[in-house]
Amino acid sequence: MSADMGFRTVPAKQMGLRHLAGALSYSMGGLRRLKAETAFRHELLGAVFAMGGLALARAGAGALVGQFVLLCGLFALEAVNTAIELLVDRVSPEFSAFAQQAKDLGSFSVLAMIVANTAWAGLALWWALAG
């Protein structure tokens, strides 16, 4: 296929450190895009309060690491939910029940992780203050 037909040539697959650098660059692009989402900024603020509250209560390392892992899961699901919303809006700009269900399911996954984070933070805080 020639370039004059509108097709692009596929770039060579990167290997080793170049692949790692490219993957990191794509991930940072995703983080920049995610920072534009109000929901992510709210979750980030909640993360600061959760980690800060646990640190002030002198929670153990296990509680802090557990909270950090759950927060990473929350941020990952928020990124996937945002990707779902972007794709759905692109392929179905008009209202459709199918598109709405896809968005609702993505939103529920984020809500479940918010509940898990809140439960863990509350329990870890209780353990730290009681012990």
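**Exercises on a predicted helical model**

By the rule used here (a side-chain nitrogen of Lys or Arg within 4 Å of a carboxyl oxygen of Asp or Glu), the count comes to 2 salt bridges. This is a predicted model, in which local features need pLDDT (the predictor's confidence in each residue, from 0 to 100) of at least 70, side-chain atom pairs count only at pLDDT 80 or more, and totals for chains, interfaces and linings use all residues. Residues are numbered from 1 along each chain as its sequence is written, and side-chain values use heavy atoms, with hydrogens and water left out.

**Exercise 1.** Identify the partners in each salt bridge and state how exposed they are.

*Solution.* Start with Glu37, which forms a salt bridge with Arg33, the closest N and O atoms being 2.8 Å apart. Glu37 counts as buried at 19% relative accessibility, whereas Arg33, at 34%, is partly exposed; buried means under 20% relative accessible area, exposed over 50%, and partly exposed in between, with a 1.4 Å probe and protein chains only. Next, the side chains of Asp89 and Lys103 meet in a salt bridge at 2.6 Å, N to O. This pair links distant parts of the chain, since Asp89 lies in helix α3 and Lys103 in helix α4, 14 residues apart; helices are DSSP runs (H or I, at least four residues), numbered from the N terminus. Asp89 is partly exposed at 42%, and Lys103 is partly exposed at 23%.

**Exercise 2.** Check the length of helix α4 and find what its buried residues pack against.

*Solution.* Helix α4 covers residues 97-130, which makes 34 residues. The expected span is 1.5 Å times one less than the number of residues, so α4 should span 50 Å, and its end C-alpha atoms, 48 Å apart, agree with this. The buried residues of α4 include Gly106, Met113, Asn117 and Ala121, and the buried residues of this helix pack against α2 (38-56) and α3 (61-91).

**Exercise 3.** Describe the surroundings of Gln67.

*Solution.* Gln67 is found in helix α3 and is buried, with a relative accessible area of 0%. Leaving aside neighbours within four places in sequence, Gln67 is in contact (heavy atoms within 4.5 Å) with Ala50, Met51, Leu54, Asn117, Trp120 and Ala121.

**Exercise 4.** Explain what is unusual about the backbone of Arg58.

*Solution.* Most residues other than glycine have a negative phi. Arg58, although not a glycine, has a positive phi of about 60°. Arg58 is found in the loop between α2 and α3, and at 75% relative accessibility it counts as exposed.

Technical notes:
Helices (H or I, at least four residues) and strands (E, at least two) are DSSP runs, numbered from the N terminus.
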